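Biologist: I'm new to this one, so please pick a single part and take me through it slowly. Spell out your terms as you go.

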Amino acid sequence: MMERKKDWVMPTALGAGILLVIGGAGFYLMRDEAPAPEAAVEAPQPAVQTPAAPPARVAETAPPPARTLPLPPLDESDPEVLGGLTELLGQDAVMRHLVPERLVRNIVVTIDNIPREKMALNQRPVQPTPGDFITTGEESAVMLAPANYARYEPFVALVSNVDAKTLVSFYRGLEPLFQEAYEDLGHPNASFTARLNEVIEHLLQTPTPRGEIALVQPSVLYKYADERLEKLSAGQKLMIRMGVNNATVIKGKLREIQAELL
């Protein structure tokens with residue numbers, strides 16, 4: 001479902017880094033899922049500086065050496081995760097896109113929810129998408145406006161410049177923290193990395209719509225008029241909402257990440 005006027009939450013994430021491709025894509029787009037502002041009540045987020053300059057290209061560097069220092073406790077890991085992401089993505093990108101609290105736990109929740117019907121708005125690891133959700137057409141024939149896709153382009157540009165090999169190496173160094181968070185989520189005997197691979201494959205299977213995307217508005221929120229689209233998971237709906245070109249870029253990066261994981 002999509003909000004009538006305001007695009008209310010969202011942007012994956014391989015560990016802390018793949019946040020910007022999976023966990024990221026989840027919340028970066030989920031703004032469109034929430035109701036109008038008066039109906040949404042969330043804890044205030046810390047102020048984040050938003051640089052005016054576009055995200056710089058992330059250099060393709062050699063993977064970092066194997067980790068030798070002990071990992072911090074899960075609930076004290078934000079400084080280390082943010083530090084690593086700053087090295088990978090640049091300070092501007094981190095300040096612009098990330099919510100710097102409970103990163104590992106929120107990434108894990110986001111990734112786990114992507115194939116489900118709904119996602120957790122109050123556990124987002126990424127800052128809201130700028131701008132309003134845009135529709136076009138007459139009231140009796142509302143369409144998803146192509147102009148809406150441009151709102152996601154800064155995020156997609158950042159994702160496209162991330163080096164998959166370096167990202168996965170970073171994740172591998174922090175993998176025990178993500179596993180711990182996944183077990184705390186209620187999966188004591190399951191592998192988070194296996195779940196991550198499942199979610200990547202799920203997003204890669206998102207259908208590619210042809211032509212305009214019709215919407216209906218049975219209540220406050222918009223829905224896809226095509227029942228086949230409306231029955232998709234939260235993550236696949238979001239991939240469609242960012243537009244075919246943007247989704248193609250995200251899928252390409254997901255394939256690179258998947259290849260490095262395997």
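Modeller: Let's start with the vocabulary: helices (H or I, at least four residues) and strands (E, at least two) are DSSP runs, numbered from the N terminus. What you see is a predicted model, in which local features need pLDDT of at least 70 and side-chain atom pairs count only at pLDDT 80 or more, while totals for chains, interfaces and linings use all residues. Numbering runs from 1 along each chain as its sequence is written, and side-chain values use heavy atoms, with hydrogens and water left out.

First, a quick overview. The protein has 10 helices and four strands, and along the sequence they follow the pattern α-α-α-α-β-β-α-α-α-β-β-α-α-α. Of its 262 residues, 52% are buried, where buried means under 20% relative accessible area, exposed over 50%, and partly exposed in between (1.4 Å probe, protein chains only).

Now for the close look. I'd pick helix α6, residues 164-184, and go round its partners. Two packed helices are described by the angle between their axes and the distance between the axes. Those axes are lines fitted to C-alpha atoms, for helices over the stretch in contact, and the angles run from 0 to 180 degrees between N-to-C directions.

Take helix α2 (residues 78-89): this helix and α6 pack at about 165 degrees, their axes 11 Å apart. That makes α2 roughly antiparallel to α6; the cut-offs are under 35 degrees for roughly parallel, over 145 for roughly antiparallel, 65 to 115 for roughly perpendicular, and oblique for the rest. The crossing of α2 and α6 is right-handed. A crossing gets that label if the near helix is turned clockwise from the far one by less than a right angle, and is left-handed if anticlockwise. Contact means heavy atoms within 4.5 Å, and here Glu80, Val81, Gly84, Leu85 and Leu88 of α2 meet Thr166, Leu167, Phe170 and Leu174 of α6. Sorted by class, that contact of α2 with α6 has six nonpolar, two polar and one charged residue. Nonpolar covers Ala, Val, Leu, Ile, Met, Phe, Trp, Tyr, Cys and Pro; charged covers Asp, Glu, Lys and Arg; the others, Gly among them, are polar.

Helix α10 (residues 244-261) is another partner, packing with α6 at about 50 degrees with the axes 9 Å apart. That makes α6 oblique to α10, and their crossing is right-handed. From α6 come Ala164, Lys165, Leu167, Val168, Tyr171 and Arg172, and from α10 Glu256, Ile257, Glu260 and Leu261. The contact of α6 with α10 holds six nonpolar, no polar and four charged residues.

Then there's α4 (residues 103-113): 11 of its 11 residues are buried, so this helix is largely enclosed by the rest of the structure. Its axis comes within 9 Å of the α6 axis, and the two cross at roughly 65 degrees. Again the crossing is right-handed. Val104, Arg105, Ile107, Val108 and Asp112 in α4 meet Leu177, Phe178, Ala181, Tyr182 and Asp184 in α6. By class, α4 with α6 gives seven nonpolar, no polar and three charged residues. Just before α4, Arg102 sits in the loop between α3 (91-97) and α4. Arg102 has a phi near 50 degrees, positive although the residue is not glycine. At 44% relative accessibility, Arg102 counts as partly exposed.

Finally, look at the rings. The structure holds four aromatic pairs; rings of Phe, Tyr and Trp (its six-membered ring) pair if their centres lie within 6.5 Å, with planes under 30 degrees apart stacked, over 60 edge-to-face and the rest tilted. In one of them, Tyr171 and Phe192 have ring centres 6.5 Å apart and planes at 55 degrees, so the pair is tilted. Tyr171 lies in α6 and Phe192 in helix α7 (residues 192-204), so the pair ties together parts 21 residues apart in sequence. Both Tyr171 and Phe192 are buried. Ring pairs also link Tyr171, Phe178, Tyr182 and Phe192 into a cluster. So Tyr171 turns up twice on this tour: in that cluster and in the contact with α10.
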